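Got your viewer open? Load the model below and follow along, one selection at a time.

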Amino acid sequence: MFPDLAWPSASLPAEAGLLRKEVRAFLQQVLPAGYRPNSDFGSGGDAAFSRQLGQQGWIGMTWPKKYGGHERSFFERYVVTEELLAAGAPVGHHWIADRQSGPLLLKFGTEKQRATYLPGIAAGEIFFSIGMSEPDSGSDLASIRSLARPVEAGYLLNGRKLWTSGADHNHYMIALVRTEPGSERHAGLSQVILDLKAEGLSVRPIRSMTGQYHFNEVVFEDVFIPQEQLVGKPGNGWHQVTSELGYERSGPERFLSTFRVLVELVGCASEAHSDRMLILIGRLVAHLMTLRRMSISVAAMLEAGNNPVIEAALVKELGNNFEKTIPELARLALEGRASGQMQATLEDALLHMPSFTIRGGTREILRGIIARSLGLR
Amino acid sequence: MTTADSLIADTLDRILTAHVDRTQLDAVADGRWPTELWNALAETGLAFATHHEDLPLEDAYASLTMVGRHAAPVPLAETLVAGELLRRAGMEMEPLPFGLAFIDESAMPQQADTFTGVLQDIAFGRHLQRLILVASDGRHWLLSEVDKATVEGCINIAGEPRDRLVFSQPVKALPLSGQSTARTFMLAALTRVLMMAGAIESVLRMSVQYALERVQFGRPIARFQAIQQQLAASAGEVVAALQAAQTARLAVNSSLLPTEIAIAKARVGEAAGIVSEIGHQVHGAIGFTYEHMLHYRVRRLWAWRDELGHEAQWQRLLGRFVVAKGADSLWQFITSPEPIDLEDLHP
Ligand SMILES: Cc1cc2nc3c(=O)[nH]c(=O)nc-3n(C[C@H](O)[C@H](O)[C@H](O)COP(=O)(O)OP(=O)(O)OC[C@H]3O[C@@H](n4cnc5c(N)ncnc54)[C@H](O)[C@@H]3O)c2cc1C
């Protein structure tokens with residue numbers, strides 16, 4: 001069956017407007033005035049900022065109150081996240097815990113795990129990493145080899161994870177590992193919570209082409225994992241990992257990573273604008289507004305309790321390409337007239353851009369998922 | 001989709017599937033009027049749905065997506081816009097196909113109640129008896145003797161009649177009260193947005209279908225990753241186009257219509273080019289033949305994206321508004337759009 005590509009149109013509810021004002025007022029107060037670099041959820045964190053955000057009640061927003069959450073809607077969470085990104089706020093530290101690790105624990109974690117970690121995450125004090133990729137396993141995630149061998153009262157883990165964002169400063173990692181020795185592919189995989197300070201676990205920061213350190217190699221040498229750190233059912237890891245893709249791929253972080261370039265470009269255009277510049281800005285705004293509506297439509301699907309994996313892949317695929325378009329076209333339209341701030345934002349964006357279509361699922365993998373939904377494979 | 005939407009869509013789908021085929025499309029390009037098709041549309045009342053009070057406008061215009069999907073060769077778009085204009089003027093609507101003509105100051109009627117002059121690019125002009133004349137200063141007239149014009153038959157790149165009508169003798173021009181030229185222009189642009197969205201989706205469907213059927217190197221070309229990747233990219237464009245078109249349609253009674261039309265005409269027009277290109281690539285040589293149905297959609301997409309303001313024209317208006325508001329207001333505009341300024345967008 002050919003999929004329905006006409007998604008229902010959804011808009012943010014009225015109460016979101018009030019929240020938006022609050023977030024803007026807060027950001028105005030805590031962020032430096034004037035120039036801000038691009039907000040990339042994968043880099044640029046600030047623990048103090050995350051804690052302040054937690055105090056505002058803007059982390060773990062949709063979670064039950066008994067776990068430190070605020071029982072608000074996905075739409076309200078959407079408003080907060082998009083305001084943070086658009087403002088260039090340093091969201092890097094708590095982002096993954098808020099978006100992925102927390103919801104995962106809510107869905108599959110034990111009562112004890114929820115009580116232990118969720119309040120700290122929501123307070124902006126506990127940060128998580130995702131441990132999926134390994135040296136020989138990138139897109140082909142089912143080929144991972146890190147092995148947690150069952151032992152008395154838990155597991156003994158050996159292996160390594162690669163490209164783990166934030167492992168150098170985060171507190172925990174939810175890792176996908178093999179818990180059945182000799183198992184292959186999707187079978188025998190489980191998710192475990194690892195303390196990044198655990199004995200036998202070492203973190204080696206890897207410098208990226210931006211010159212910064214945001215991802216790491218994490219090596220496990222006989223790391224003991226107490227049984228209670230297992231998330232969900234043993235052997236259910238693959239299912240659990242893929243059940244979160246709707247959250248992971250459909251949010252505004254998938255098309256706002258270079259938004260500050262567009263802001264600076266509009267600023268430059270106010271001073272000296274050519275028709276070419278106006279046309280480019282109009283084009284980018286038309287794309288951005290359409291993407292945002294698609295993304296909000298997916299938020300509505302999430303709010304309704306669905307798992308829109310294909311839709312999320314479509315948002316990410318289109319969104320990542322769009323993020324890459326902004327700086328490429330802006331630099332040409334500027335005709336060499338980039339000011340200090342414009343130039344700085346542009347360079348920052350260019351340096352991060354190669355990662356957009358790789359992290360969180362490459363363009364080719366996403367297109368493969370979409371192609372399958374079209375019945376092509 | 002609302003229930004009304006899908007009811008209309010189903011009815012139309014049936015009519016168009018029964019009446020639109022290659023023979024019909026070629027006959028219309030050669031100057032024939034699609035009598036049966038038009039009559040079927042007229043009988044259901046859908047052609048005059050914007051004139052009835054019983055159907056919301058956004059549902060009435062929804063039928064144009066289906067027109068685009070089937071590449072139906074009828075002036076339904078113009079007739080729907082005319083229906084709304086006549087309704088607003090409190091005038092009756094005869095059950096006939098209507099045309100729309102935008103004219104600038106130099107061509108406006110000199111006498112209060114007659115028109116003499118030349119009209120260009122009139123969709124299905126050779127077949128019309130009625131037409132709404134839209135002047136850049138806001139005035140509108142109903143011309144009821146269009147068949148008195150001398151017709152210079154012209155077709156666009158899709159073979160759709162876009163005729164030149166020469167009125168050398170005065171014909172009756174009945175003023176329509178309560179109109180806005182900007183709104184009429186936006187409605188006309190909306191019709192193209194919706195038709196394009198339908199045709200774009202149809203091109204993707206045809207391409208997917210073909211990829212599953214065509215065998216090369218011993219397997220369906222759908223099995224080749226290069227083909228899968230292109231069609232997946234195309235699907236993204238289709239979703240964006242449908243979303244933008246739907247948002248514009250639902251804004252038909254909103255003050256935000258100018259903004260939504262600008263976004264949609266720009267975004268859908270861009271998607272039209274990309275999806276057409278990929279569609280042809282996937283079809284190989286067969287898609288380049290006159291025999292194949294693909295070009296009936298693709299050529300329409302190329303025509304419609306240029307009509308009533310091409311991408312860059314609408315992008316410029318959007319860009320100009322955003323730049324005038326300034327960098328600090330950009331995000332506010334994205335999250336809470338305002339009506340953009342349409343002055344100087346006129347054919
Ligand atoms: C900035 C950044 C942060 C990251 N953070 C994390 C993190 O926190 N935790 C984590 O676990 N991982 C993280 N990753 C890793 C990321 O998930 C992987 O990079 C990604 O899954 C791709 O794997 P790879 O780099 O090994 O590329 P590969 O899988 O080797 O792919 C290389 C190229 O081959 C293509 N390719 C591969 N397979 C196919 C196929 N079947 N069909 C067609 N083409 C194919 C890919 O699309 C790509 O173009 C991060 C990556 C980046 C860049």
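We'll go from the domains to the ligand and finish with the cysteines.

Keep in mind throughout that this is a predicted model.

**Stop 1: chain A by domain.** Colour chain A in three pieces: domain 1 (15–126), domain 2 (130–235) and domain 3 (251–373). Put a centroid on the C-alpha atoms of domain 1 and another on those of domain 2 of chain A, and you should find them 25 Å apart. Now select the contacts across that pair: 15 residues of domain 1 of chain A touch 15 residues of domain 2 of chain A.

**Stop 2: chain B by domain.** Switch to chain B, which is divided into domain 1 (3–179) and domain 2 (182–345). The C-alpha centres of these domains of chain B are separated by 23 Å. Bring up the contacts here too, and you get 33 residues from domain 1 of chain B against 33 from domain 2 of chain B.

**Stop 3: the ligand and its shell.** Next, select the ligand and show the residues within 4 Å. There are 15 residues around the ligand, and the ones that come nearest are Ser139(A), Trp163(A), Thr362(A), Glu364(A) and Gln225(B). Which chains supply the surroundings? Both A and B do, so the site is shared between chains. With the domain colours of chain A still on, look at where the shell comes from: domain 2 (130–235) and domain 3 (251–373) of chain A each give at least three residues. Recolour the shell by class and you'll see five nonpolar, eight polar and two charged residues.

**Stop 4: polar contacts to the ligand.** Zoom in on Ser139(A), where a polar side-chain atom sits 2.6 Å from a ligand oxygen. Move over to Trp163(A): here a backbone N or O atom lies 2.9 Å from a nitrogen atom of the ligand. Then pick Ser165(A), whose side chain places an N or O atom 2.8 Å from a ligand nitrogen. Now turn on the ligand surface: taken alone, the ligand exposes 970 Å², and the protein buries 64% of that.

**Stop 5: the cysteines.** Finally, select the cysteine sulfurs. How many disulfides are there over all chains? The count is zero. Two cysteines make a good last look. Is Cys268(A) buried or exposed? Cys268(A) counts as buried because its relative accessibility is 11%, under the 20% cut-off. Cys154(B), by contrast, is partly exposed, with a relative accessible area of 32%.

Technical notes: Residues are numbered from 1 along each chain as its sequence is written. Chains are lettered from A and ligands numbered from 1 in the order in which they are written. This is a predicted model: local features need pLDDT of at least 70, side-chain atom pairs count only at pLDDT 80 or more; totals for chains, interfaces and linings use all residues. Side-chain values use heavy atoms; hydrogens and water are left out. A polar contact is a pair of N or O atoms within 3.5 Å; within protein, one must be able to donate a hydrogen and the other to accept it, and residues adjacent in sequence count only if both atoms are side-chain atoms. Accessible areas come from the Shrake-Rupley method with a 1.4 Å probe; for residues, only the protein chains shown count as cover. Ala, Val, Leu, Ile, Met, Phe, Trp, Tyr, Cys and Pro count as nonpolar, Asp, Glu, Lys and Arg as charged, and the others, Gly among them, as polar. Domain bounds come from an automatic or database domain assignment. A disulfide is a pair of cysteine sulfur atoms within 2.5 Å. Buried means under 20% relative accessible area, exposed over 50%, partly exposed in between (1.4 Å probe, protein chains only). Contact means heavy atoms within 4.5 Å.
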